[in-house]
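Visitor: Hi! I'd like a quick tour of this one, with an eye on the side chains.

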Amino acid sequence: GFVDVVKMLPDYGVRECIQVYGILGGIPGYLKHWDAGQDLKENVCRHILAEGGFLYREAQQYISEELRELSVYNTILQAIASGRRKLNDLFQYTGFSRAKISVYLKNLMAFDVVEKVYSFETGGWENAQKGLYRIKNTYVHFWYKFVYPNLSDLYLLPARKFFEVHIEPGLEEYLNECFRRVCMEYLQLMSMVKQLPIE
């Protein structure tokens with residue numbers, strides 16, 4: 001969780017910790033490589049975008065270790081990361097059958113890569129099929145949102161240029177979702193210690 005990021009990066013402010021959390025999640029193995037003496041851009045360039053970085057292509061390797069037919073999973077994950085979160089949107093974007101997409105999504109959910117989320121606004125269990133798919137693994141989400149769709153540029157551009165062209169313009173909007181998760185985690189912690197005005 002977010003608290004783990006704060007503990008591992010004590011010299012970072014809340015904003016910087018949210019940025020790191022939105023990219024790496026709270027995985028200690030990833031966080032221990034993060035250089036708190038460098039800014040976000042330098043860390044992303046050195047550890048994620050540079051060949052030889054400890055997270056370079058880690059997301060795809062993680063998927064390929066658990067699942068076969070990587071190209072299909074890559075397509076589905078990239079579609080979800082780009083905002084196509086409904087089954088019908090995935091069907092229209094990928095051209096795969098709904099049945100095939102459902103099977104692959106179930107596999108991704110079994111490995112905690114993807115989750116299905118529901119809105120309170122859909123009115124209960126009768127609308128359970130109207131859920132949206134979301135990439136649960138934070139680093140996988142970041143990779144398929146910003147890096148995977150631009151792999152050819154990753155090989156052609158210097159890391160800093162890639163960051164400026166493909167990551168920087170959309171990073172703030174991407175981190176909005178992370179900020180919501182941090183707020184939810186904070187409320188859950190406050191509730192556990194009975195510090196909220198209601199249960």
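Guide: Happy to help. One term first: buried means under 20% relative accessible area, exposed means over 50%, and partly exposed covers what lies in between. Please also keep in mind that this is a predicted model.

Visitor: Thanks. With that scale, is Glu-42 buried or partly exposed?

Guide: Glu-42 is partly exposed, because its relative accessibility is 24%.

Visitor: And which side chain does Glu-42 meet in a salt bridge?

Guide: Arg-160 is a partner, with 3.0 Å from N to O. Arg-160 sits in helix α11 and Glu-42 in helix α4, so this pair ties together parts 118 residues apart in sequence. Arg-160 comes out at 41% relative accessibility, so this residue is also partly exposed.

Visitor: Which residues are linked with Glu-42 in a network of salt bridges?

Guide: The network joins Asp-35, Glu-42, Arg-46 and Arg-160.

Visitor: How many salt bridges are there in the whole structure?

Guide: The search turns up nine. Another one of interest pairs Glu-164 with Lys-41, whose closest N and O atoms are 2.6 Å apart. Glu-164 belongs to helix α11 (residues 159–192) and Lys-41 to helix α4 (residues 40–49), so parts 123 residues apart in sequence are tied together.

Visitor: Is Lys-41 buried or exposed?

Guide: Lys-41 is buried, because its relative accessibility is 16%. Its partner Glu-164 is partly exposed, at 34%.

Visitor: What does Arg-134 pair with?

Guide: Arg-134 forms a salt bridge with Glu-177, and the closest N and O atoms there are 3.5 Å apart. Arg-134 is in strand β2 (residues 132–135) while Glu-177 is in helix α11, so the bridge connects parts 43 residues apart in sequence. Arg-134 is partly exposed with a relative accessible area of 24%, and Glu-177 is partly exposed with 24% as well.

Visitor: Switching to the greasy bits. How many residues are in the largest nonpolar core?

Guide: There are 57, and Val-44, Leu-49 and Phe-142 have the most contacts inside this core. Helix α11 supplies its largest share, eight residues.

Visitor: What does Leu-49 touch?

Guide: Leaving aside residues up to four places away in sequence, Leu-49 touches Val-44, Tyr-56, Val-147, Leu-154, Ala-159, Phe-162, Phe-163 and Ile-167.

Visitor: On to rings: how many aromatic pairs does the structure hold?

Guide: Nine. In one of them, the rings of Phe-142 and Tyr-174 have centres 6.0 Å apart and planes at 65°; planes over 60 degrees apart count as edge-to-face, so this pair is edge-to-face. Phe-142 lies in helix α9 (residues 138–147) and Tyr-174 in helix α11, which puts the two 32 residues apart along the chain. Both Phe-142 and Tyr-174 are buried.

Visitor: Which other pair does Tyr-174 form?

Guide: Tyr-174 also pairs edge-to-face with Phe-146, at 5.2 Å centre to centre and 80° between the planes. Phe-146 is in helix α9 and Tyr-174 in helix α11, so this pair ties together parts 28 residues apart in sequence. Phe-146 is buried at 4% relative accessible area, and Tyr-174 is buried at 10%.

Visitor: Which residues do ring pairs link into a cluster?

Guide: Tyr-30, Phe-54, Tyr-139 and Trp-143.

Visitor: What does the side chain of Gln-60 have to do with Trp-143?

Guide: The two side chains are joined by a polar contact of 3.2 Å. Gln-60 lies in helix α5 (residues 58–66) and is buried, with a relative accessible area of 5%. Beyond four places in sequence, Gln-60 touches Leu-70, Asn-74, Trp-143, Tyr-144, Tyr-148 and Leu-151.

Visitor: And where is Gln-78?

Guide: Gln-78 is in helix α6 (residues 70–81), buried at 16% relative accessible area. The contacts of Gln-78 outside its sequence neighbourhood of four places are Tyr-93, Tyr-144, Tyr-148 and Pro-149.

Visitor: Last one: how many disulfides?

Guide: Zero. The sulfur of Cys-17 has its closest cysteine sulfur in Cys-178, 10 Å away, and a disulfide needs the sulfurs within 2.5 Å, so that is too far for a bond. For Cys-45 the closest cysteine sulfur is again in Cys-178, at 19 Å, also too far. Cys-17 is buried at 1% relative accessibility, and Cys-45 is buried at 4%.

Methods:
Residues are numbered from 1 along each chain as its sequence is written. This is a predicted model: local features need pLDDT of at least 70, side-chain atom pairs count only at pLDDT 80 or more; totals for chains, interfaces and linings use all residues. Side-chain values use heavy atoms; hydrogens and water are left out. Helices (H or I, at least four residues) and strands (E, at least two) are DSSP runs, numbered from the N terminus. Buried means under 20% relative accessible area, exposed over 50%, partly exposed in between (1.4 Å probe, protein chains only). Contact means heavy atoms within 4.5 Å. A salt bridge is a side-chain nitrogen of Lys or Arg within 4 Å of a carboxyl oxygen of Asp or Glu. A nonpolar core is a set of buried Ala, Val, Leu, Ile, Met, Phe, Trp, Tyr and Cys residues joined through side-chain atoms within 4.5 Å. A polar contact is a pair of N or O atoms within 3.5 Å; within protein, one must be able to donate a hydrogen and the other to accept it, and residues adjacent in sequence count only if both atoms are side-chain atoms. Rings of Phe, Tyr and Trp (its six-membered ring) pair if their centres lie within 6.5 Å; planes under 30 degrees apart count as stacked, over 60 as edge-to-face and the rest as tilted.
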